[in-house]
Amino acid sequence: MPQHYPFSAVLGCEADGLDDMGLALVLTTIAPEIGGVLVRGEKGTAKSTTVRALAAVLPPVEVFAADRFSIDPDDPSATSPDGPFAVDAEVLSRPVRLVELPVGATEDRVLGSLHLERALSQGKVEYEPGLLARAHRGILYVDEVNLLHDHLVDLLLDAAAMGRVTIERDGVSVEHAARFVLIGTMNPEEGELRPQLLDRFGLTVEVAAPRDPALRAEVVRRRMAYDVEPVAFTGRYRDLDRSLTERIEAARSRLAKVRLTDVALLKIAEICAAFEVDGLRADIVTARTAVAHAAWEGRDEVTRGDIRRAALLSLPHRRRRNPFDAPGLDEDLLDQLLGDDELPPEPPEGPAPDPDGAEEGEGEGAGESGDDGVRDEGQSSDSSPHAASEEDGEPAPSAGAGSVVSAAAAYRPKLLTVQGLGDGAAGRRSRALARTGRRIGATRGDSGSLHLVETLLAAAGQQPGRGRTGGRVDLRAEDLRVAVREGREANLVLFCVDASGSMAARKRMTQVKTAVLSLLMDAYRRRDKVGLITFRGRGAVLVLPPTHSVEIAAARLDELPAGGRTPLAAGLLEAATVLRRERLRDPRLRPLLVVVTDGRATDGADAVTRSVRAAEYVAALRVTTIVVDSEAGPLRLGLAARLAQVLGAEHLPVADVSAEALTGSVRQGVA
C-alpha cells in the first residue's frame with residue numbers, strides 16, 4: 001500500500017500549531033456543511049500534498065458491503081438506491097475515500113448516468129453512480145478548480161451545500177446522499193474563479209512558500225527523507241497523526257453541544273454587514289465555522305477568538321466587487337468590530353434585553369469608515385505629465401521611458417469570434433463541437449447524450465444479419481449513437497498592442513487601454529486564455545505569455561508606457577512566433593489575434609516594407625485577426641485599414657469596440 005506523506009509532517013513546520021490551510025481543512029471535515037475549502041497559492045506550495053495527506057488522518061467510516069453509495073449503517077434515516085438492506089447485512093469499516101475529479105471530467109462522470117448498453121440490449125434501467133456518489137462521507141478533491149468549467153463547479157458546490165444529489169435524465173430518477181468535504185486548489189496565475197463561484201466555497205486560504213531559510217531547509221529535509229524511506233518517515237509521524245484523528249473525532253462528537261449565543265450571532269452579523277458582503281451566505285458560513293472552531297478547541301460555547309478565526313477564513317474571498325479585485329480583509333477593522341473584551345454571557349430567559357445596554361459603543365468607527373478597508377497598493381495615480389501626439393493638440397512625448405496613463409472604466413465590448421467550427425475546451429466565445437448545445441448530428445460512441453433515433457436506424461440495417469425479422473429490435477453496443485452538439489469554446493486571445501510615440505496622446509492611450517481592458521474582461525467571462533505583446537522603440541516584447549490569468553494581463557496593461565518609434569514589423573513577427581508555439585502546445589486551442597495600432601511603421605527607412613512582409617507572413621498562418629484602429633484626429637491616413645487588408649483581417653475602429661457604440665449606430669441608422 002503506498003505511503004502518503006503524513007499530514008502532521010506537512011504542517012509541522014509551524015511552531016504554533018495548524019496554519020490557516022491546515023485549520024480550514026480540519027474545520028470543514030468536522031462540519032462539512034461549511035461548504036468546502038478553496039486553497040489559493042503559487043505553484044510548489046504543497047497544496048495537493050496536504051490535501052492527499054488529510055484523508056489518512058480522518059476517522060474510518062462504516063458502510064454496507066453491497067452499497068455503492070456508502071450510507072451510514074447507524075443512521076436509520078439514511079437511504080440508498082442500492083437499499084434497503086437487511087438487519088444482518090454485512091458491514092465493513094474502510095478508510096475515508098479521497099476522490100479526485102479531473103479537470104476534463106464530464107457531467108455524466110460527475111453525476112452518474114444510465115448504463116446505455118444494458119438499457120438497450122437487456123431492457124434494464126440501471127444507474128451507474130458518478131464521482132459524487134463515490135465521494136459521499138469522504139473528500140472530493142479538485143486540483144486546478146479554476147480551470148474546471150463553470151457549470152461543473154456550480155454543480156459541485158450545490159451538492160456540497162445541499163448534501164444530496166438528484167438526477168432526472170435519460171428516463172432515470174435517482175436521489176442519493178452526497179455529503180462530502182469539497183476541497184479545491186488553484187494557482188491564481190492560471191486564472192481566477194468568478195466572484196459568484198468564489199462565494200459558493202465556504203472557506204478560502206492563501207498559501208505561499210516560507211521566506212525563512214530555516215523553514216525552507218526543514219521542508220526540503222523532510223521531503224528528501226520521505227523520498228528515501230517513505231515507510232520509516234511515515235512511522236515517525238504516526239503518533240502525531242493518530243492524535244489528530246482522535247481530536248477530529250472528539251470535535252465531531254462535541255459539535256452538536258456547542259452553543260452559539262444570540263450575542264455571538266449578532267456579532268457575526270455585525271461583522272458581515274460592516275464588510276459589505278453580498279447576501280447571507282457569509283453569515284451562515286461564519287457561524288458554522290465559529291462553532292466548528294470552538295468544538296476543535298474543546299469549548300462548549302463560541303468565543304470572540306472563534307469568531308475572529310472564522311471571519312478570517314470565510315470573508316476575504318467574498319469581498320471582491322469585480323473580477324480584477326484581489327481577495328483580502330482588513331484585520332484592523334475586524335478587531336475594531338470585535339472589541340477588546342470577551343463576548344458577554346447569554347442573558348437569562350425572560351424579557352428581551354435592552355438594546356442600549358452592554359453593546360453600546362461597540363463597533364464605533366466601523367460605520368465611520370467610508371471605504372471597504374482594502375486597497376490595491378499596486379494601483380498608481382497620474383503623478384507625472386503624460387505625453388501626447390500633436391494631432392490631439394497636446395505636446396509631443398518626450399524621449400525616455402515613455403508616459404503611463406490609466407484606462408477608464410471598462411465597458412461591454414463587441415463579441416469577437418474565431419471563424420469556423422472548432423472542437424476546443426468548453427467556453428463562451430466561438431462556435432465549436434461540444435457536449436452541450438444545439439444538436440446538429442450523431443456519431444458512434446457510448447459516452448454522451450444518446451441519440452435514440454440514429455441508434456435505432458443503425459440497428460435496423462443489421463437486423464437481418466442477426467436473424468431478426470420481427471418483434472423486438474436486437475440492439476448491440478456497436479449500434480449506439482450519441483448526439484453531436486454545437487456549443488461554444490474558449491480561445492487564445494493574443495493582444496499585440498502598439499505602445500509607441502504615436503499612441504502617447506493621453507486621450508488616445510486612455511481610449512486604447514480602455515478598449516483592451518474591456519476585451520480582457522470579456523475574455524475573463526468567456527474562459528479564454530490571453531497573451532499580451534507590446535511594441536515600441538526598438539522592438540517587441542512578450543509582456544505576458546499566454547495564460548488563464550486575465551488579472552495579470554490587466555495589471556501589465558495598466559503599467560504599459562507609451563513612447564518611442566513604431567516597430568510594427570517586430571510586433572507582428574513576435575505575434576507569429578507566439579501563435580506557432582501555442583499551436584504546437586495545444587492544436588485544439590484556436591487563436592484570435594487582436595492587433596491594436598494606427599498602422600504607422602517608423603523604425604527605419606524600410607519600416608513600411610518590412611511591416612508589409614511581416615503582415616503577409618502572419619496572414620499565411622490563417623489565424624482569425626482583428627485590427628483595432630486607434631487612429632484619431634481630423635487628419636486620418638487609413639494605414640490600419642490597409643494593414644487589415646494585407647492580414648486578411650477585420651478592421652475595427654477603436655470607438656466601435658464597445659457593443660453600446662455599435663447599438664447606438666444602428667439606432668441612428670434606423671432613425
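This is a short tour of the structure in your viewer, one selection at a time.

**Start with the whole chain**

Keep in mind that you're looking at a predicted model. Colour the chain by secondary structure, and you'll have 22 helices and 22 strands to look through. Of the 671 residues in the chain, 47% are buried. Now think about contacts between residues with a separation of 6 or more: 78% of them join residues 24 or more positions apart.

**Stop 1: Ala 9**

Select Ala 9, which sits in helix H1 (residues 7-11). Is Ala 9 buried or exposed? Ala 9 counts as buried because its relative accessibility is 3%. Next, add Arg 222, Phe 233 and Tyr 237 to the selection: Ala 9 touches these three, leaving aside residues up to four places away in sequence. Then pick Leu 240, which is 231 residues from Ala 9 along the chain. Check the distance between the two C-alpha atoms, and you should get 8.8 Å.

**Stop 2: the cavities**

How many cavities of 30 Å³ or more does the count give? It comes to two.

Go to the largest cavity, with about 80 Å³ of space in it. To bring up its lining, select Asn 146, Leu 147, Glu 190, Gly 191, Glu 192, Ala 523, Tyr 524, Arg 527, Asp 528, His 548 and Val 550. Colour that selection by class, and you'll find four nonpolar, three polar and four charged residues.

Now move to the second largest cavity, which holds about 50 Å³ of space. Its lining is made up of Leu 416, Arg 429, Val 493, Phe 495, Leu 519, Asp 522, Ala 523, Leu 592 and Val 594. Three elements give two or more residues each to this lining: strand E16 (492-498), helix H17 (506-525) and strand E20 (591-597). Which of the elements provides the largest share? That's H17, with three residues. Colour this lining by class too: seven residues are nonpolar, two are charged and no polar ones turn up. While you're here, leave Ala 523 highlighted, as it is among the residues lining the largest cavity and also appears in the lining of the second largest.

**Stop 3: Glu 489 and its partner**

Select Glu 489 in strand E15 (residues 481-489). With a relative accessible area of 0%, Glu 489 is buried. So what does its side chain make a polar contact with? Show Arg 590 as sticks: the two side chains make a polar contact at 2.6 Å.

**Stop 4: helix H21**

For the last stop, select helix H21 (residues 639-647) and highlight Ala 640, Leu 643, Ala 644 and Leu 647, which are buried. Why do these four end up on the same side of H21? They cover an arc of only 100 degrees around the axis, so they share one side of the helix. There's a general pattern behind this: an α-helix has 3.6 residues a turn, so residues three or four places apart point the same way.

Turn the view to the face away from the buried side, where you'll find Arg 642 and Gln 645, both exposed. Turn back and show what covers the buried residues, including helix H19 (568-585), E20, helix H20 (607-620), strand E21 (624-629) and strand E22 (650-653). You've already met E20, as one of the elements that line the second largest cavity. Finish on Gly 648, which follows H21 and has a positive phi, near 70 degrees.

Methods. Residues are numbered from 1 along each chain as its sequence is written. Side-chain values use heavy atoms; hydrogens and water are left out. On a 1 Å grid over the protein atoms alone, a cavity is a set of points where a 1.4 Å probe fits but cannot get out, and a pocket is an open set with protein on both sides within 12 Å along at least five of seven lines; lining residues have an atom within 4 Å of a point. Grid points are joined across faces, edges and corners, and a volume is the space filled by probe spheres set on the points. Ala, Val, Leu, Ile, Met, Phe, Trp, Tyr, Cys and Pro count as nonpolar, Asp, Glu, Lys and Arg as charged, and the others, Gly among them, as polar. Buried means under 20% relative accessible area, exposed over 50%, partly exposed in between (1.4 Å probe, protein chains only). Contact means heavy atoms within 4.5 Å. A polar contact is a pair of N or O atoms within 3.5 Å; within protein, one must be able to donate a hydrogen and the other to accept it, and residues adjacent in sequence count only if both atoms are side-chain atoms. The arc is that of the directions from the helix axis to the C-beta atoms.
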